[in-house]
There are 2 protein chains.
Amino acid sequence: MLTNTRSDRVRGVRALSRRAVRERQGLFLAEGPQAVREAVVHRARVIEDLYVTPTAAARYGELVAAAHEAGVRVHEVSDEVLTAMGDEQAAVAPQGLLAVCRIESAVLADVLAARPRLLCVLSSVRDPGNAGTVLRGADAAGADAVVVTTNSVDVHSPKVVRSTAGSLFHLPVVTGVPVEEVVEAVRAAGLVVHAADGAGDRLLGDVDLWPPHAWLFGNEAWGLAPQVRELCDDVVRVPIHGLAESLNLAMAATICLHASASVQRA
Amino acid sequence: MLTNTRSDRVRGVRALSRRAVRERQGLFLAEGPQAVREAVVHRARVIEDLYVTPTAAARYGELVAAAHEAGVRVHEVSDEVLTAMGDEQAAVAPQGLLAVCRIESAVLADVLAARPRLLCVLSSVRDPGNAGTVLRGADAAGADAVVVTTNSVDVHSPKVVRSTAGSLFHLPVVTGVPVEEVVEAVRAAGLVVHAADGAGDRLLGDVDLWPPHAWLFGNEAWGLAPQVRELCDDVVRVPIHGLAESLNLAMAATICLHASASVQRA
């Protein structure tokens, strides 16, 4: 059992809370039973190491056994070591489970070659909770992939990973492509691109969501830049009743993605 | 201008961050330009006092003028006083504006007497962000009222007020009634009661959302208790595709409420 909280290994894992270190090393943290379970079940090949406290090993015996079976290197660690490894800013305790995973970014050309029917594109989204929730919503809508453009939050930050509730391990995620390039490539592949924006001139209910399409969602505060909206086929808004001025990004995206699934998966 | 951060007034306002004090005094805090604006525009009568820093008075001149016109008592305060008055745990700064408002709980019998077509009931919801987001979603769906049952988060806590983005001042909110009583009264008033639950046996798309109805949403972790579900007309789930196991409460509620609006407001 690893008990030295000051070892190089512990320090190395802990450093993955920082974006620069994640990018340099190509690794990220998945903390807690939900994220670890989804990683083990759906993408065990990306798990470099799984750290488990004795308590968690007893409580999540089945999960740890599945990890062993999948060929994952499992290390028993003390509670103190696990705490020292994890994201300090986590609002939720990792409950004795932490996986170091390899970043496996999907390639946009591959995603498009697979003839997707529903894509979700996040442009300049900055809030980790919003990004994670939209990723989860895309997964629940059966989207074929999520694309996160440059200038967006790092989807491998501990907070985004947590808020995806495991969906990060469920579908391909493309990162680091400028939004203009994404829209151009997606349209060239034959998909319709719907920008979602509270100021859109088309109502969601009037849009035909049967043909293969991509939803483009912008920054939580300022939406999509005019020059980005112009690249899209249309700009769609979720109708608002009552006195509410707007929906937040995650809510609007959830509604749009669900609407697509309702039509495509009916 | 008020500059003494240790005055009784400042201490009294700051104490409203605590639930017990809010309940004893019947007052709560609305912090920041968005919440204050919605209070001034839609429910100025509940504002006891509005505190404004000189910077905010210049920046939000129109809003402050509207408050004066609505008969609100406006006090100029130093930055230090405003900071001392606000919720210490706020992740977002109040930007120089803080209103002390009177809690104005709606009465369920009055809400039902007005023949509502769409109600949103939150049962044992504990997370402030979830509760606020659902309230905002209910507002955007044109719901006639929101009911928050006993054992739920205090909707007048600073964090819920913030996350409603002003919607708390847009529609009647009933609090403090046990869920069984709410469901009984709502059904007696002729509304259909749909429980929303990931384990529901009816799909959202199969439910007729034209007749007047209430959505019942449960706790974010454990959903609705079996004995509560049994009181409802049906238990409805949002279909999930992809590999996602579930949607979070706010996402599921947003989808259900939007579905109701799509039918009732088409």
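Two strands count as paired if DSSP finds at least two bridges between them. Keep that in mind for the first exercise, and remember throughout that this is a predicted model.

**Exercise 1. Work out how β1(A) pairs and where its side chains go.**

Step 1: Find the partner. β1(A) is joined to β4(A) by 5 bridges, and the two run antiparallel. That clears the cut-off of at least two bridges.

Step 2: Pick out one bridge. L27(A) has R102(A) as its bridge partner in β4(A).

Step 3: Sort the side chains. In a regular strand they alternate between the two faces of the sheet. Here, L27(A), L29(A) and E31(A) point one way from β1(A), while F28(A) and A30(A) point the other way.

Step 4: Check burial. Of the 5 residues in β1(A), 5 are buried, so the strand is mostly covered. E31(A) is among the buried ones.

**Exercise 2. Lay out the order of the 7-stranded open sheet in chain A, and say what sits across it.**

Step 1: Write down the order. It goes β7-β6-β5-β10-β8-β11-β9, with parallel pairing.

Step 2: Mark the edges. β7 (173–177) and β9 (202–203) of chain A each pair on one side only, which makes them the edge strands.

Step 3: Zoom in on one pair. β5 (residues 118–122) and β10 (residues 213–217) of chain A pair in the parallel sense over 5 bridges. Within that pair, C120(A) stands opposite W215(A) in β10(A).

Step 4: Add the helix. α8 (residues 128–140) of chain A lies across β5, β6 (145–149) and β10 of chain A. Its direction is about 175° to β5(A).

**Exercise 3. Two residues of chain A, Q95(A) and S124(A), have a positive phi without being glycine: place each one and decide whether it is buried or partly exposed.**

Step 1: Look at the backbone. Phi of Q95(A) is near 55°, and phi of S124(A) is near 55° as well.

Step 2: Place them. Q95(A) is in the loop between α6 (79–85) and β4 (97–102) of chain A. S124(A) is in the loop between β5 and α8 of chain A, the strand and helix you met in Exercise 2.

Step 3: Count neighbours. The cut-off you need is 20 or more other C-beta atoms within 10 Å for a buried residue, and 12 or fewer for an exposed one. Q95(A) has 17, so it is partly exposed. S124(A) has 21 and is therefore buried.

**Exercise 4. Describe how the two domains of chain A meet.**

Step 1: Set the bounds. The domain assignment gives domain 1 as 8–102 and domain 2 as 108–264.

Step 2: Get the spacing. The domain centres, taken over C-alpha atoms, are 29 Å apart.

Step 3: Count the contact. Domain 1 of chain A puts in 18 residues and domain 2 of chain A puts in 10.

Step 4: See which elements supply the domain 1 side. α2 (19–25), β1 (27–31) and α3 (32–43) of chain A each give at least two residues. The largest share, 8 residues, is from α3(A).

Step 5: Check the chemistry. The domain 1 side that touches domain 2 of chain A has 7 nonpolar, 4 polar and 7 charged residues.

**Exercise 5. How are chains A and B related, and what does chain B bring to the contact?**

Step 1: Superpose. A turn of 180° with a shift of 0.0 Å along the axis lays chain B on chain A, with an RMSD of 0.0 Å. The two copies are therefore related as by a two-fold rotation axis.

Step 2: Find the residue of chain B that comes closest to that axis. I255(B) does, at 2.8 Å for its C-alpha.

Step 3: Compare the surfaces. The same surface serves both copies, as 100% of the contact residues of chain B recur in chain A.

Step 4: Count the contact. Chain B gives 26 residues and chain A gives 28. On the chain B side, α8 (128–140) and α12 (249–264) are the elements that give two or more residues. α12(B) gives the most, with 6 residues.

Step 5: Sort by class. The chain B side that touches chain A divides into 11 nonpolar, 12 polar and 3 charged residues.

Terms used: Residues numbered from 1 in each chain as written. Chains lettered and ligands numbered in written order. Predicted model: local features only at pLDDT ≥ 70, side-chain atom pairs only at ≥ 80, totals over all residues. Helix = DSSP H or I, 4+ residues; strand = E, 2+ residues; numbered from the N terminus. Contact = placed C-beta atoms within 7 Å. Axes fitted to C-alpha atoms, helices over the stretch in contact; angles between N-to-C directions. Nonpolar A, V, L, I, M, F, W, Y, C, P; charged D, E, K, R; others polar. Domains from an automatic or database assignment. Least-squares fit on C-alpha atoms with pLDDT ≥ 70 in both.
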